[in-house]
Amino acid sequence: MDKLPLFIDGEFVASRAAGVEVTDPATQEVLCEVPFATGDEVDRAVQGAKATFETWREVPTPERARLMFAYQDVLKKNQEDLALRLCRDTGKTLEDARGEVWRGIEVVEHACSVASLMMGETVENVARGIDTYSLVQPVGVCAGITPFNFPAMVPLWMYPLAIACGNTFVLKPSEQDPTVPNRLMELLAEAGAPDGLVQVVHGGREQVDALLEHPDVRAVSFVGSAPVAKSVYAKAAANGKRVQALAGAKNHIVILPDADKDQAIASLVGATCGAAGQRCMAISAAVLVGAAVDWLPDIKTAMAAVRPGPWDDDDAAYGPQITRAAQSRILGCIERGKVEGADCLLDGSGYAVPGYPDGNWVGPTLFAGVEPGMSIYTEEIFGPVLVTSNVASLNEAIELVNANPYGNGVSIFTSSGGAARRFQREIEVGQVGINIPIPVPLPFFSFTGWKDSFFGDQHVYGKQAVRFYTETKTVTARWFDDTPVADPNMTIKLR
Ligand code: NAD
């Protein structure tokens, strides 16, 4: 079985570490082995990135932008190939995989405007004959640690903008589906990137710790589950690094009875089951306000019509869960929900897909009468499982959502502009959809999760990421000039 190489200084190199099997989630066929890089290998990757930084930081900004233009072009030409690789590794449907690659390419497109994004500010004559201006400079070696659910898009959220800003980067992809990041490196080299600009080390917790403890890593971007994000944030900060850590979620949809019923239900079901519920912006809790509770039978019918299947089945709405362990965890959550007294209207446990007896399938699952104290409400299930609660008013819905510790995404479905406006002002969640179920902003904004869904100050992509990957230096300058000015002693008399 092939062991996946690391990517160091522009070459794929075999790791000396032992490998762990990576399996096809629909069949359990072993796809490759992923090595857990040794400490020396992680250090080599960081040292190579550090050495490259010394030359890369001198490359003019427009030339760095040109690399982004070239990379965008190469990625577009390989979009279908990347999508097919994602299908194999993650079990995603082809449509979903294409969408993932496209959302990553959009970040590269945005990175093409790095020159304007890195402009500093100037105030001329802050005192007589003195000007102050700011320079925006790269921070050095940055590291990125990414989750299994978007093995192409989330790395692309990070390193393109980081390198466009003049940094170098070490990526540690998820060990659960690690092959596509290697392919992204081949394409970056094809676009013309110098060796050592982005390095890839594979592994898990130990390799992450090695990066967090490495004195030459200056900034850490992390995306993953909440407990790991919290601990990565704390360790990186304790080691004096800047850090942005994106975490888990419990995203609500609030449905008012004046909403367009068909639109609301179709959006709800798609946002719950799409990508097997393995999206950090998936809807996993529905709050039915007033008479909207009467729509539960229609929600059940719509969810029951959705079925999972292998990626090349055009009729499959979503694929398998990433691993057996993920599947077992979700099935455990469903059992606990029943024991805690929630009403399981649709049970996706034991779901079988003909021809794929070994797939990690979970069918669409719907709970009603869910109370905030139940574990299916408090925990991120990360599967095609929807919990629903009923409340009497919009006020109660806002209170319920605001009491939840997570704050990644939320959505309201209504035909009332007034209700929507109040919701957008009062809701304590960082990404709000109005009649849009998954409000992920495009890269000229930033991905702005709040509360326990994000630890740090500056968010990924957009202007905030440029601030994250750069330092601002202010220069105050005086040049001596003997030419007389009109009235050197003129002052303003302030009242
Ligand atoms: P995970 O936390 O298990 O793993 C994420 C990364 O951290 C992986 O690279 C993994 O190797 C590493 N890791 C795992 N355990 C570690 C530890 N103890 N110490 C240091 N590193 C460790 O997450 P996952 O299961 O791969 O991804 C799914 C999670 O990611 C979900 O919770 C989802 O909500 C979240 N996610 C959030 C966003 C967001 O934008 N907020 C986006 C995508 C995914």
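These legends cover close-up views of the ligand site and the cavities in a predicted model. Local features need pLDDT of at least 70, side-chain atom pairs count only at pLDDT 80 or more, and totals for chains, interfaces and linings use all residues. Residues are numbered from 1 along each chain as its sequence is written, and side-chain values use heavy atoms, without hydrogens and water.

**View 1. The ligand in its pocket.** The ligand takes up the space of the largest pocket. A pocket is an open set of points on a 1 Å grid over the protein atoms alone, with protein on both sides within 12 Å along at least five of seven lines. A molecule sits in one if more than half of its atoms lie within 2 Å of its grid points. Around the ligand are 28 residues (a heavy atom within 4 Å). Lys172, Glu175, Ser225, Ala247 and Glu380 come nearest.

**View 2. Polar contacts of the ligand.** Contacts here are pairs of N or O atoms within 3.5 Å. A side-chain N or O atom of Lys172 is 2.8 Å from a ligand oxygen. A polar backbone atom of Gly224 is 3.3 Å from a ligand oxygen. A polar backbone atom of Ala247 is 2.7 Å from a ligand nitrogen. The protein buries 89% of the 850 Å² that the ligand exposes when taken alone (Shrake-Rupley method, 1.4 Å probe).

**View 3. The largest cavity.** In a cavity, a 1.4 Å probe fits but cannot get out; lining residues have an atom within 4 Å of a point. The model has two cavities of 30 Å³ or more. The largest has a volume of about 90 Å³ (space filled by probe spheres set on the points, which are joined across faces, edges and corners). Its lining includes Lys92, Phe148 and Gln278. Domain 1 (6-247 + 453-475) and domain 2 (251-434) both give residues to this lining, so the cavity lies between them. The domain bounds come from an automatic or database assignment.

**View 4. The second largest cavity.** This cavity holds about 70 Å³ of space. Among its lining residues are Arg279, Cys280, Glu380 and Phe382.

Key: A polar contact is a pair of N or O atoms within 3.5 Å; within protein, one must be able to donate a hydrogen and the other to accept it, and residues adjacent in sequence count only if both atoms are side-chain atoms.
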